[in-house]
Amino acid sequence: MSDAHLTERPVDDGPEPVDLTDEPIQLSRRDPAAQEPEQRPVSRRRRIALAAALVVGLAGAGALGVGGWRVLAQKDAHLNAPEKIAGLTRDDSERARSTAEYLRDGFAADIDLDRSFGTVYRDPADTKRAVLIFGGTTLLWQPERDLDTLFGLMTDETGKVTGLREVDAGRLGGVMKCGTTSGDGGDFTVCGWADHGSVVMAMFPGRSVDDSAVLFRQLREGIQSR
(Lines give C-alpha, C1' and ligand atoms only; values in the text may rest on other atoms or scores of the structure.)
Protein backbone atom coordinates (compact mmCIF):
# COMPACT_ATOMS: atom_id res chain seq x y z
CA MET A 1 0.00 0.00 0.00
CA SER A 2 1.32 3.45 -0.94
CA ASP A 3 1.85 6.20 1.74
CA ALA A 4 1.47 9.01 -0.72
CA HIS A 5 -1.97 9.98 0.57
CA LEU A 6 -0.47 10.78 4.03
CA THR A 7 1.93 13.36 2.66
CA GLU A 8 -0.76 15.08 0.71
CA ARG A 9 -2.86 15.95 3.90
CA PRO A 10 -2.94 19.73 4.55
CA VAL A 11 -0.64 20.79 7.36
CA ASP A 12 -3.12 23.17 9.04
CA ASP A 13 -5.45 20.31 9.95
CA GLY A 14 -3.14 19.30 12.90
CA PRO A 15 -2.70 20.93 16.31
CA GLU A 16 -0.93 24.24 16.78
CA PRO A 17 2.83 23.82 17.20
CA VAL A 18 4.24 24.13 20.75
CA ASP A 19 6.04 27.41 21.29
CA LEU A 20 9.35 26.64 23.02
CA THR A 21 10.99 29.57 24.79
CA ASP A 22 14.19 30.13 26.67
CA GLU A 23 12.30 30.29 30.02
CA PRO A 24 12.63 27.14 32.22
CA ILE A 25 9.56 24.98 32.44
CA GLN A 26 8.08 24.77 35.96
CA LEU A 27 7.11 21.21 36.91
CA SER A 28 5.67 22.23 40.29
CA ARG A 29 2.88 24.61 41.24
CA ARG A 30 4.80 25.93 44.25
CA ASP A 31 5.83 29.54 44.18
CA PRO A 32 9.64 29.67 44.33
CA ALA A 33 9.42 32.94 46.25
CA ALA A 34 7.35 31.22 48.96
CA GLN A 35 9.98 28.52 49.48
CA GLU A 36 12.71 30.98 50.40
CA PRO A 37 11.18 33.97 52.18
CA GLU A 38 13.16 37.11 52.23
CA GLN A 39 15.26 37.42 55.42
CA ARG A 40 14.39 40.77 56.92
CA PRO A 41 16.72 42.15 59.56
CA VAL A 42 15.21 42.42 63.09
CA SER A 43 14.98 46.03 64.13
CA ARG A 44 16.90 47.29 67.17
CA ARG A 45 13.66 48.28 68.89
CA ARG A 46 12.22 44.81 68.46
CA ARG A 47 15.38 43.22 69.81
CA ILE A 48 15.17 45.40 72.91
CA ALA A 49 11.49 44.49 73.39
CA LEU A 50 12.24 40.78 73.05
CA ALA A 51 15.13 41.05 75.51
CA ALA A 52 12.96 42.92 78.01
CA ALA A 53 10.22 40.31 77.72
CA LEU A 54 12.79 37.57 78.31
CA VAL A 55 14.16 39.32 81.41
CA VAL A 56 10.66 39.77 82.84
CA GLY A 57 9.85 36.13 82.14
CA LEU A 58 13.01 34.95 83.84
CA ALA A 59 12.34 37.20 86.83
CA GLY A 60 8.81 35.83 87.14
CA ALA A 61 10.06 32.26 86.93
CA GLY A 62 12.70 33.05 89.54
CA ALA A 63 10.14 34.55 91.91
CA LEU A 64 7.88 31.54 91.44
CA GLY A 65 10.80 29.24 92.19
CA VAL A 66 11.76 31.13 95.35
CA GLY A 67 8.15 31.23 96.50
CA GLY A 68 7.71 27.52 95.86
CA TRP A 69 10.89 26.71 97.75
CA ARG A 70 9.69 28.81 100.71
CA VAL A 71 6.36 26.97 100.85
CA LEU A 72 8.11 23.61 100.81
CA ALA A 73 10.55 24.70 103.52
CA GLN A 74 7.86 26.04 105.88
CA LYS A 75 4.76 23.93 105.32
CA ASP A 76 5.64 21.04 107.65
CA ALA A 77 5.66 22.95 110.94
CA HIS A 78 5.30 21.37 114.38
CA LEU A 79 4.30 23.16 117.59
CA ASN A 80 4.80 22.05 121.18
CA ALA A 81 4.53 23.72 124.57
CA PRO A 82 7.59 22.92 126.69
CA GLU A 83 7.35 23.17 130.47
CA LYS A 84 9.95 25.93 130.69
CA ILE A 85 10.87 28.44 128.00
CA ALA A 86 12.44 31.91 127.84
CA GLY A 87 12.39 32.25 131.64
CA LEU A 88 8.68 31.37 131.83
CA THR A 89 6.98 28.30 133.28
CA ARG A 90 3.94 26.59 131.83
CA ASP A 91 0.88 27.03 134.03
CA ASP A 92 -0.94 23.69 134.27
CA SER A 93 -3.53 24.82 136.80
CA GLU A 94 -7.19 24.20 136.07
CA ARG A 95 -7.89 27.89 135.64
CA ALA A 96 -5.02 28.32 133.18
CA ARG A 97 -6.04 25.21 131.24
CA SER A 98 -9.61 26.48 130.94
CA THR A 99 -8.41 29.86 129.68
CA ALA A 100 -6.02 28.25 127.17
CA GLU A 101 -8.72 25.93 125.84
CA TYR A 102 -11.12 28.84 125.44
CA LEU A 103 -8.57 30.81 123.41
CA ARG A 104 -7.60 27.76 121.36
CA ASP A 105 -11.20 26.87 120.50
CA GLY A 106 -12.06 30.44 119.57
CA PHE A 107 -8.98 30.69 117.38
CA ALA A 108 -9.68 27.36 115.66
CA ALA A 109 -13.21 28.53 114.88
CA ASP A 110 -11.80 31.41 112.80
CA ILE A 111 -9.29 29.41 110.74
CA ASP A 112 -9.20 25.81 109.55
CA LEU A 113 -6.27 24.23 111.41
CA ASP A 114 -4.81 20.75 111.18
CA ARG A 115 -3.70 20.91 114.82
CA SER A 116 -4.25 23.59 117.46
CA PHE A 117 -2.88 24.37 120.91
CA GLY A 118 -3.31 26.89 123.71
CA THR A 119 -1.05 27.46 126.71
CA VAL A 120 -0.55 29.91 129.53
CA TYR A 121 2.97 30.70 130.70
CA ARG A 122 3.48 32.43 134.01
CA ASP A 123 6.33 34.75 134.86
CA PRO A 124 7.93 33.71 138.21
CA ALA A 125 8.96 37.33 138.75
CA ASP A 126 5.46 38.80 138.34
CA THR A 127 2.21 36.84 138.31
CA LYS A 128 0.46 39.69 136.51
CA ARG A 129 2.68 39.27 133.44
CA ALA A 130 1.48 35.83 132.39
CA VAL A 131 1.63 35.13 128.64
CA LEU A 132 -1.32 33.55 126.80
CA ILE A 133 -0.29 31.87 123.56
CA PHE A 134 -2.49 29.94 121.11
CA GLY A 135 -2.54 28.87 117.47
CA GLY A 136 -1.93 25.88 115.25
CA THR A 137 -0.53 24.38 112.10
CA THR A 138 -1.98 24.43 108.60
CA LEU A 139 -0.89 25.20 105.05
CA LEU A 140 -1.13 28.95 104.43
CA TRP A 141 -0.56 30.30 100.92
CA GLN A 142 -0.66 33.96 102.01
CA PRO A 143 0.55 34.10 105.61
CA GLU A 144 0.57 37.87 106.03
CA ARG A 145 -2.96 38.26 104.67
CA ASP A 146 -4.26 35.53 106.99
CA LEU A 147 -2.48 37.03 109.99
CA ASP A 148 -4.00 40.45 109.28
CA THR A 149 -7.42 38.80 109.06
CA LEU A 150 -6.94 37.23 112.50
CA PHE A 151 -5.90 40.56 114.00
CA GLY A 152 -9.13 41.96 112.59
CA LEU A 153 -11.16 39.18 114.18
CA MET A 154 -9.43 39.79 117.49
CA THR A 155 -10.43 43.45 117.21
CA ASP A 156 -14.05 42.36 117.10
CA GLU A 157 -13.60 40.34 120.30
CA THR A 158 -11.34 42.48 122.50
CA GLY A 159 -11.32 45.97 121.03
CA LYS A 160 -9.35 47.63 118.29
CA VAL A 161 -5.70 46.60 117.91
CA THR A 162 -3.78 49.84 117.45
CA GLY A 163 -0.22 50.55 116.39
CA LEU A 164 0.03 47.23 114.56
CA ARG A 165 3.46 46.95 112.97
CA GLU A 166 5.80 44.33 111.61
CA VAL A 167 8.67 43.19 113.80
CA ASP A 168 11.66 40.91 113.24
CA ALA A 169 10.42 37.35 112.71
CA GLY A 170 13.80 35.79 113.53
CA ARG A 171 15.51 32.79 111.98
CA LEU A 172 12.26 30.90 111.29
CA GLY A 173 11.09 33.51 108.82
CA GLY A 174 7.54 34.29 107.84
CA VAL A 175 5.92 37.46 109.16
CA MET A 176 5.52 38.69 112.73
CA LYS A 177 3.47 41.69 113.89
CA CYS A 178 2.62 43.34 117.20
CA GLY A 179 0.13 45.95 118.39
CA THR A 180 -1.76 46.98 121.51
CA THR A 181 -5.35 46.59 122.65
CA SER A 182 -7.42 47.02 125.81
CA GLY A 183 -8.94 44.46 128.15
CA ASP A 184 -10.42 44.19 131.62
CA GLY A 185 -6.96 44.50 133.14
CA GLY A 186 -5.95 47.51 131.04
CA ASP A 187 -3.82 47.77 127.89
CA PHE A 188 -1.72 44.84 126.74
CA THR A 189 0.35 43.85 123.73
CA VAL A 190 -0.85 41.38 121.11
CA CYS A 191 1.62 39.67 118.77
CA GLY A 192 1.23 37.11 116.02
CA TRP A 193 3.38 35.18 113.61
CA ALA A 194 2.46 33.34 110.42
CA ASP A 195 4.39 31.36 107.84
CA HIS A 196 3.38 28.77 105.26
CA GLY A 197 2.91 26.09 107.93
CA SER A 198 1.72 27.78 111.13
CA VAL A 199 -0.05 30.76 112.64
CA VAL A 200 0.16 31.69 116.33
CA MET A 201 -0.91 34.66 118.46
CA ALA A 202 -0.07 35.70 122.01
CA MET A 203 -1.16 38.26 124.62
CA PHE A 204 1.38 40.03 126.82
CA PRO A 205 -0.16 41.91 129.79
CA GLY A 206 2.16 44.41 131.44
CA ARG A 207 4.76 44.43 128.65
CA SER A 208 5.65 46.98 125.98
CA VAL A 209 5.47 46.16 122.29
CA ASP A 210 9.27 46.04 121.97
CA ASP A 211 9.69 43.74 124.99
CA SER A 212 6.80 41.55 123.83
CA ALA A 213 8.27 41.21 120.33
CA VAL A 214 11.60 39.98 121.74
CA LEU A 215 9.89 37.52 124.09
CA PHE A 216 7.51 36.31 121.39
CA ARG A 217 10.44 35.56 119.10
CA GLN A 218 12.12 33.57 121.88
CA LEU A 219 8.90 31.65 122.54
CA ARG A 220 8.53 30.85 118.86
CA GLU A 221 12.06 29.47 118.61
CA GLY A 222 11.30 27.13 121.53
CA ILE A 223 7.79 26.14 120.40
CA GLN A 224 8.09 25.75 116.62
CA SER A 225 10.14 23.21 114.73
CA ARG A 226 10.20 21.90 111.16
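A contact here means heavy atoms within 4.5 Å. Keep that in mind for the exercises below, and remember that this is a predicted model.

**Exercise 1. Work out what share of the chain's contacts with a separation of 6 or more comes from residues 24 or more positions apart, and how much of the chain is buried.**

Solution. Start with the contacts: among those with a separation of 6 or more, residues 24 or more positions apart account for 60%. Next, burial: of the 226 residues in the chain, 31% are buried. Finish with the surface, which comes to about 15,400 Å² of accessible area, with 52% of that belonging to carbon and sulfur atoms.

**Exercise 2. Find where confidence is lowest and highest in the chain.**

Solution. First get the overall picture: the average pLDDT is 80, and 69% of the residues score at least 70. Now go to the extremes. Helix α1 (residues 4-7) has the lowest confidence, with a mean of 43, while helix α6 (residues 209-223) has the highest, at 98. Then check the weak stretches. Residues 1-11 have a pLDDT below 50 and make 0 contacts in the model beyond near neighbours in sequence. Residues 55-61 are also below 50, again with 0 contacts beyond near neighbours in sequence.

**Exercise 3. Trace the open sheet of 8 strands and say which strands stand at its edges.**

Solution. Begin with the inventory: the chain has 6 helices and 10 strands. Walk across the sheet and you pass β2-β3-β4-β5-β9-β8-β7-β6, with antiparallel pairing. At the edges are β2 (84-85) and β6 (162-167); each has a single partner strand, so one side of each lacks a neighbour in the sheet. Zoom in on one pair: β4 (residues 115-123) and β5 (residues 126-137) run antiparallel and are joined by 8 bridges. Within that pairing, S116 sits opposite G136 in β5. Last, add a helix: α4 (residues 94-110) lies across β4, β5 and β9 (198-205), and runs at about 140 degrees to β4.

**Exercise 4. Decide whether K177 counts as buried or exposed, and describe its surroundings.**

Solution. Locate the residue first: K177 is in strand β7 (residues 175-183). The cut-off for buried is under 20% relative accessible area. K177 has 10% relative accessibility, so K177 counts as buried. Now look at what K177 touches, leaving out residues up to four places away in sequence: E144, L147, D148, F151, L164, R165, E166, V167, V190, C191 and G192. One of these, D148, deserves a second look: the side chains of K177 and D148 are joined by a polar contact of 2.9 Å.

Note on methods: Residues numbered from 1 in each chain as written. Heavy atoms only, no water. Helix = DSSP H or I, 4+ residues; strand = E, 2+ residues; numbered from the N terminus. Buried < 20%, exposed > 50% of the residue type's maximum accessible area, 1.4 Å probe, protein only. Polar contact = N/O pair within 3.5 Å; in protein donor to acceptor, adjacent residues only side chain to side chain. pLDDT = per-residue confidence, 0-100. Areas by Shrake-Rupley, 256 points an atom, 1.4 Å probe, with all protein chains shown as cover. Pairing = 2+ DSSP bridges. Axes fitted to C-alpha atoms, helices over the stretch in contact; angles between N-to-C directions.
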